[in-house]
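Hi everyone, thanks for making the time. I'd like to walk you through one model today, so please have the viewer open and turn it along with me.

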Amino acid sequence: MSEADALPRLHALHTYVRSPRKAQAFWERHFGLPLAAEGADFALPAAGGGEVSWRLWSGGEACGTRGPHFALPAFAVADFGAARGYLHAQGIPIVFEEMLPGANLLIFLDPDANPFELI
């Protein structure tokens, strides 16, 4: 086994939301993400090939402990300006933006106020 084979590989993302159906509709409508065969997950293409399962689980309540309890998924887009304009036009909240030479990113919120990044 090579050293690269021993590295952890992303298998799935889990995002806790108040309404999985509402979250699914948001991601399908605004980003065209198709639901996986089970109807509860998205099958996302992974960098380097393959897929990563993104599961939207019911339970969007704070757990009462300190610190963030989420992963910040980052989506790469070919036309950053067009994507940014679309988010604004749709009223999707952008809470952070950074534009540097060769590296643009922004963080937007889904209906449950979960943050996601566009790069």
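I'll go through the sheet, then the helices packed on it, and then the salt bridges. One thing to keep in mind throughout: this is a predicted model.

Let's begin with the sheet. Four strands make up an open sheet, and if you read across it the order is β4-β7-β6-β5, with mixed pairing. At the edges sit β4, residues 74-75, and β5, residues 94-100, each of which has a pairing partner on one side only.

Now look at the individual pairings. Strand β6, residues 103-109, runs antiparallel to β7, residues 115-118, and the two are joined over 4 bridges. On the other hand, β4 and β7 pair in the parallel sense, over 2 bridges.

If you like to have residues to click on, try L118 in β7. Opposite L118 you'll find F75, and L106 also stands opposite L118. Further along, F108 faces F116 of β7.

While we're on β7, which way do its side chains point? P115 and E117 go one way, F116 and L118 go the other way, and all of them are buried. That fits the general rule that side chains in a regular strand alternate between the two faces of the sheet. And yes, that does put E117 among the buried residues.

Before we leave this part, have a look at the turn. The hairpin of β6 and β7 has 5 residues between its strands, and within the hairpin A113 adopts a positive phi near 65 degrees.

Next, the helices. Helix α1, residues 20-31, lies across β4, β6 and β7, and its direction makes an angle of about 140 degrees with β6. Helix α2, residues 80-89, lies across β5, β6 and β7, running at about 160 degrees to β5.

On to the charged pairs. How many salt bridges does the structure hold? There are 2.

In one of them, D112 pairs with R18, and their closest N and O atoms are 3.3 Å apart. D112 sits in the loop between β6 and β7, while R18 sits in the loop between β1 and α1, so this pair ties together parts that are 94 residues apart in sequence. Are these two residues buried or exposed? D112 is buried, at a relative accessible area of 14%, whereas R18 is exposed, at 52%.

The other pair is E97 with R84, whose side chains meet in a salt bridge at 2.4 Å, N to O. Here strand β5 supplies E97 and helix α2 supplies R84, and the two residues are 13 apart along the chain. E97 counts as partly exposed, with 32% relative accessibility. R84 is partly exposed too, with a relative accessible area of 27%.

One last stop, in strand β1, where you'll find L13. L13 counts as buried, at 15% relative accessibility, because the cut-off for buried is under 20%. From L13 to L44 the sequence separation is 31 residues, and their C-alpha atoms are 9.9 Å apart in space.

So, to recap the picture: an open, mixed sheet of 4 strands, with α1 lying across β4, β6 and β7 and α2 across β5, β6 and β7. That's my tour, and I'm happy to go back to any part of it.

Conventions:
Residues are numbered from 1 along each chain as its sequence is written. This is a predicted model: local features need pLDDT of at least 70, side-chain atom pairs count only at pLDDT 80 or more; totals for chains, interfaces and linings use all residues. Side-chain values use heavy atoms; hydrogens and water are left out. Two strands pair if DSSP finds at least two bridges between them. Contact means heavy atoms within 4.5 Å. Axes are lines fitted to C-alpha atoms, for helices over the stretch in contact, and angles run from 0 to 180 degrees between N-to-C directions. A salt bridge is a side-chain nitrogen of Lys or Arg within 4 Å of a carboxyl oxygen of Asp or Glu. Buried means under 20% relative accessible area, exposed over 50%, partly exposed in between (1.4 Å probe, protein chains only).
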